[in-house]
Amino acid sequence: RMLNKRLSVILVMDDMLLDVHDGVVGPSVMRGVANTLAQPIWKFGWKSNKGVDRYAFWNSDFVGNVKSNKIPTDDMLKGFERDWPAMNMLWMNLFHSVLKPKYNIGGFYRFYSNGYTHGNGGSIHTDDGHITVLYYSNIEWELWNHGGTNFYYEDGSDLMKTVAYKPGRFAVFDAKLPHCGLEPSKTAYALRTMVVFKCYYGDGK
């Protein structure tokens, strides 16, 4: 079973990091996150590239600054810990087990979730911040439901890799690596959710 083992696959293309992990997040944390995302917390209308994309998708912000790379204040973080305990537990799990010791990640600028249904998804884009972490948050999901993430070469010349959607998986990659969230197939019976951390190295400077 996936939860009984840990897998890390590292790809470095054109000096751009893409690291995929399985089996790090335990079942209780996975359930807590999924239960949070099952609540009516979503707003429709978010786009990967505002002003360019024709199609929008669902989004929910937990903490951080939407339009700037500013580290959340202590009061913002305390409010996050109080209001979103399951999401905070996910962050602490990833941060202490992998993100800080392996990548020297100091924290996040922004923490949010996106939701896709069949017929809508993201477009190719890059992120702000230093490094992005994507957590695949549906706890029941089959590979034929699709909904993974495509990663492209830095010059946009070709597809580099597709990371399939697997429950509990998370990907860590350079924020400047072009990528695109994929819509779920018609067989998907639930909202395809993804938790996103836009992170900074060290002290954020």
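1. Secondary structure. This predicted model contains three helices and 11 strands. Followed along the sequence, the elements come in the order β-β-α-β-β-α-α-β-β-β-β-β-β-β. You may like to keep that pattern at hand, as the points below refer to elements by their labels.

2. Overall dimensions. For 205 residues, the radius of gyration of a compact globule would be near 17 Å, and the 16 Å of this protein agrees with that. Along the principal axes, the C-alpha atoms occupy a box of roughly 40 × 40 × 35 Å. Of the 205 residues, 51% count as buried.

3. Contacts along the chain. Taking the contacts with a separation of 6 or more, 77% of them join residues that are 24 or more positions apart. Several such pairs turn up in the points on single residues.

4. Surface and charge. The protein has an accessible surface of about 10200 Å², and carbon and sulfur atoms hold 52% of this area. On the charge side, there are 23 positive and 20 negative side chains, with 5 Å between the centres of the two sets.

5. The largest nonpolar core. This core is made of 30 residues, and Phe111 and Phe197 have the most contacts inside it. At least two residues each come from helix H1 (27–37), strand E4 (57–64), helix H3 (85–103), strand E5 (105–116), strand E6 (131–136), strand E9 (170–174) and strand E11 (192–201). The element that gives the most is H3, with eight residues. Apart from this core lies another one, of 17 residues, including Leu18, Val163, Phe173 and Met194.

6. Phe111. If you open the model at one residue of the core, this is a good place to begin. Leaving aside neighbours within four places in sequence, Phe111 touches Asp61, Phe62 and Val63, then Phe80, Met87 and Trp91, and finally Val195, Val196 and Phe197. Phe197, the other residue with the most contacts inside the core, is thus on the contact list of Phe111.

7. Trp91. Which element holds Trp91? Trp91 sits in helix H3, and with a relative accessible area of 7% it is buried, the cut-off being under 20%. Beyond its neighbours within four places in sequence, Trp91 contacts Leu99, Ile105, Gly107, Phe108, Phe111, Phe197 and Cys199. Trp91 and Phe111 are 20 residues apart along the chain, and their C-alpha atoms are separated by 9.2 Å.

8. Helix H1. On this helix the buried residues are Val29, Met30, Gly32, Val33, Ala34, Thr36 and Leu37. In an α-helix there are 3.6 residues a turn, so residues three or four places apart point the same way. Against which elements do the buried residues of H1 pack? Their partners are E4, H3, E5, E6 and E11.

9. Two residues with positive phi. Most residues other than glycine have a negative phi. Asn104 has a phi near 60 degrees, a positive value, and lies in the loop between H3 and E5. His146, in the loop between E6 and strand E7 (149–152), likewise has a positive phi, of about 60 degrees. As for exposure, Asn104 is partly exposed, with a relative accessible area of 48%, and His146 also counts as partly exposed, at 48% relative accessibility.

10. Asn69. This residue belongs to the loop between E4 and helix H2 (74–83). Is Asn69 buried or partly exposed? At 38% relative accessibility, Asn69 counts as partly exposed. Its contacts, once neighbours within four places in sequence are left aside, are Tyr109, Asp128 and Gly129. Between Asn69 and Asp128 there are 59 places along the chain, while their C-alpha atoms are separated by 7.2 Å.

11. Gly181. Here we are in strand E10 (residues 179–181). Gly181 is buried, its relative accessible area being 9%. Leaving aside neighbours within four places in sequence, Gly181 is in contact with Tyr116, Gly121, Gly122, Gly148 and Arg192. Thr149 is 32 residues away from Gly181 in sequence, yet the two are 4.6 Å apart in space, C-alpha to C-alpha.

Notes: Residues numbered from 1 in each chain as written. Predicted model: local features only at pLDDT ≥ 70, side-chain atom pairs only at ≥ 80, totals over all residues. Heavy atoms only, no water. Core = buried A, V, L, I, M, F, W, Y, C linked by side-chain atoms within 4.5 Å. Buried < 20%, exposed > 50% of the residue type's maximum accessible area, 1.4 Å probe, protein only. Helix = DSSP H or I, 4+ residues; strand = E, 2+ residues; numbered from the N terminus. Contact = heavy atoms within 4.5 Å. Rg over C-alpha atoms; globule rule 2.2 N^0.38 Å. Areas by Shrake-Rupley, 256 points an atom, 1.4 Å probe, with all protein chains shown as cover. Lys, Arg positive; Asp, Glu negative; His and termini not counted. Charge placed at Lys NZ, Arg CZ, Asp CG, Glu CD.
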